[in-house]
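This briefing goes through one chain by topic, with the helices before the strands. Please keep the sequence and the coordinates open while reading.

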Amino acid sequence: MTDFLRLPSWEVQVVHESAAGYRVDATYTGQPTCCIKCGADDELYRHGTITQAINDTTHSGKPVVIDWARQRYRCRACGSTFLQPSPDINDRHLMTVRLVQHIEKGGLRRTYVAVAEEVGVSEGTVRNVFRAYAERMEADHVFEAPEVLGIDELHIRGRARCILTNIKDKVILDFLEDRTKDVVYRALLRLEQRERVQIVAMDMYRPYLTVQKAVFPKAIAVVDKFHIQRMASQSLDSLRKLVGKGVSRRRGAYIKRNRYVLLARPGTLTDAQKFLLDEWLTEIPALRSAYDLKEQFYDIWEVKGVTAAKKALYAWREAVQSANQTHLFKPLLTASANWEPEILNFFATAGVTNAFTEAMNRTLRDVDRAGRGYSFEALRVKALFSHGVVTKRRPARLGLERRDVSGMMAYRANTMGLRLPPMEMAVSLGIPLSTFAKALKERLT
Ligand SMILES: [Zn+2]
């Protein structure tokens with residue numbers, strides 16, 4: 001009976017068993033030797049007890065609550081009072097440390113509701129415990145700002161989630177529940193050494209640009225070419241739908257099924273597909289004209305340099321006008337005007353794209369079916385923090401070390417005339433794509 005809790009230094013007085021679970025009257029035998037407020041030794045005296053209900057891990061599959069008769073103390077030196085401390089108890093959540101750990105692990109694998117039912121606490125309590133865990137993990141995983149930052153979307157459960165990537169090193173920096181300005185802003189401020197960021201590749205989404213200008217004012221914003229090029233294919237596809245309505249249903253369905261031949265670049269088509277494409281374009285002149293405009297738009301990215309690119313973009317706009325396709329390409333005309341500087345910045349930089357994130361979106365497209373009931377927070381923690389991170393060793397620059405004790409020691413040693421190899425420090429770069437995708441797949445399927 002006394003070992004019901006299996007916690008050293010705890011004494012169990014009574015165990016009450018009911019259908020709902022166990023309630024255990026217990027005391028903790030460890031006593032503080034000094035004041036936890038002022039540190040004075042031998043100045044404490046007991047000052048009554050209070051009984052607190054502490055949730056614990058299950059026993060024989062049933063929830064356990066410890067009714068802890070907890071000692072109060074008063075300090076003669078500073079006059080403060082405090083409760084008996086115990087390393088077995090988490091005071092923030094009023095549960096045993098082992099229950100907190102159980103909930104943290106459980107929350108990564110199961111729904112909060114399932115974990116809550118198992119251990120006999122509310123779903124809200126499980127959420128609070130998990131949130132504290134997520135905050136701790138976040139504080140432990142601070143990534144270095146990359147030279148080339150990608151801000152992009154991942155579509156999970158019918159919503160666009162924001163993903164931050166280090167494009168050069170191909171790692172994930174963060175994964176955010178939504179893409180509002182505040183959420184993205186806070187995530188960017190978590191990155192270390194933000195002055196490193198030179199280029200930010202993004203989708204055409206105004207809040208991204210606002211946040212980039214606030215956090216990395218010196219960086220160059222580049223519109224991701226895949227996002228804007230895709231709009232040309234979408235315009236063509238809307239014409240394809242119109243054409244489909246004007247022909248027999250069977251023919252329309254056939255064209256729809258094979259629309260890839262229209263939307264893809266001709267270079268990627270098989271001979272059979274090229275034949276099909278030729279047939280349609282000859283048969284339907286409106287499609288031919290729109291197809292050529294789509295191709296002309298993609299071809300802008302083949303030119304070198306901002307001046308040539310700008311000329312190509314303007315030529316494309318004129319071609320749309322003279323082909324009377326303004327209506328069809330309206331969304332693209334608008335976007336290319338609103339984002340013209342950022343589109344042209346592609347040509348001023350080494351041609352940065354979010355191809356990396358696009359690849360991931362494709363990988364995850366079929367994954368996101370089940371998994372309802374899991375919180376985004378748990379998904380994020382699992383995807384980002386439950387496996388290893390990529391680190392890199394970088395020479396420590398004197399005066400720039402952050403909380404890097406070994407680097408400072410080396411500096412002192414050097415000033416004493418000792419020859420030491422230049423110090424390096426490990427920086428955390430982010431999460432490998434494979435790890436991230438695997439975690440999401442495990443969680444979502
Ligand atoms: Zn004191």
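Is Gly 244 buried, partly exposed or exposed, and why? In this predicted model, Gly 244 is partly exposed because 17 other C-beta atoms lie within 10 Å, a count that falls short of the 20 or more required for a buried residue but exceeds the 12 or fewer of an exposed one. The protein chain as a whole has 17 helices and 14 strands, and buried residues make up 30% of its 445 residues. Of the contacts in the protein chain with a separation of 6 or more, 60% are between residues 24 or more positions apart.

**Helix H6 and the setting of Gly 244**

- Helix H6, which covers residues 225-246, has 22 residues and reaches 33 Å from its first C-alpha to its last, close to the 32 Å expected at 1.5 Å a residue.
- The buried residues of H6 are Lys 225, His 227, Ile 228, Ala 232, Ser 235, Leu 236, Leu 239 and Arg 240, a list in which both Lys 225 and Arg 240 appear.
- These buried residues of H6 pack against strand E12 (220-223) and against five helices, namely H7 (249-257), H8 (260-263), H10 (285-299), H12 (330-338) and H13 (340-348).
- Gly 244 belongs to helix H6, and, once its neighbours within four places in sequence are left aside, Gly 244 is in contact with Gly 252, Ile 255 and Lys 256.
- For one of these partners, Ile 255, which is 11 residues from Gly 244 along the chain, the separation of the two C-alpha atoms is 7.1 Å.

**Helices H12 and H13**

- Pro 331 is located in helix H12 and, when residues up to four places away in sequence are not counted, touches Met 231 and Ser 235, of which Ser 235 is listed among the buried residues of H6.
- Although Pro 331 and Met 231 are 100 residues apart along the chain, their C-alpha atoms are separated by 7.6 Å.
- Pro 331 counts as partly exposed because 13 other C-beta atoms lie within 10 Å, whereas an exposed residue has 12 or fewer.
- In H13 the buried residues are Glu 342, Ile 343, Asn 345, Phe 346 and Phe 347, and they pack against E12, H6, helix H11 (306-322) and H12.

**The pairing of H4 with H5**

- Helix H4 (residues 181-189) packs with helix H5 (residues 206-215) at an angle of about 35°, the two axes being 10 Å apart, and the crossing of H4 and H5 is right-handed.
- On the H4 side the meeting residues are Lys 181, Val 184, Tyr 185, Leu 188 and Leu 189, while H5 brings Pro 207, Tyr 208, Thr 210, Val 211, Ala 214 and Val 215.
- Sorted by class, the contact of H4 with H5 has 9 nonpolar, 1 polar and 1 charged residues.

**Strand pairs and hairpins**

- Strand E1 (residues 10-18) and strand E2 (residues 21-28) run antiparallel and are joined by 8 bridges, with a hairpin of 2 residues leading from E1 to E2.
- Within this pair, Val 14 has Asp 25 in E2 as its bridge partner.
- Strand E9 (residues 159-166) pairs with E10 in the antiparallel sense over 5 bridges, and Thr 165 stands opposite Ile 172 in E10.
- Strand E10 (residues 171-176) is mostly covered, as 5 of its 6 residues are buried.
- The hairpin of E9 and E10 has 4 residues between the strands, and in this hairpin Lys 170 takes a positive phi near 55°.

**Positive phi at residues that are not glycine**

- Ser 9, which is not a glycine, has a positive phi of about 75° and is found in the segment before E1.
- Ser 9 is exposed because 11 other C-beta atoms lie within 10 Å, a count that meets the limit of 12 or fewer.
- Leu 94, likewise not a glycine, has a positive phi of about 50°, and its place is the loop between strand E6 (89-90) and strand E7 (95-96).
- Leu 94 counts as partly exposed because there are 16 C-beta neighbours inside 10 Å.

Technical notes: Residues are numbered from 1 along each chain as its sequence is written. This is a predicted model: local features need pLDDT of at least 70, side-chain atom pairs count only at pLDDT 80 or more; totals for chains, interfaces and linings use all residues. Axes are lines fitted to C-alpha atoms, for helices over the stretch in contact, and angles run from 0 to 180 degrees between N-to-C directions. A crossing is left-handed if the near helix is turned anticlockwise from the far one by less than a right angle, and right-handed if clockwise. Two residues are in contact if their C-beta atoms, placed from the backbone, lie within 7 Å. Ala, Val, Leu, Ile, Met, Phe, Trp, Tyr, Cys and Pro count as nonpolar, Asp, Glu, Lys and Arg as charged, and the others, Gly among them, as polar. The expected span of a helix is 1.5 Å times one less than its number of residues. Two strands pair if DSSP finds at least two bridges between them.
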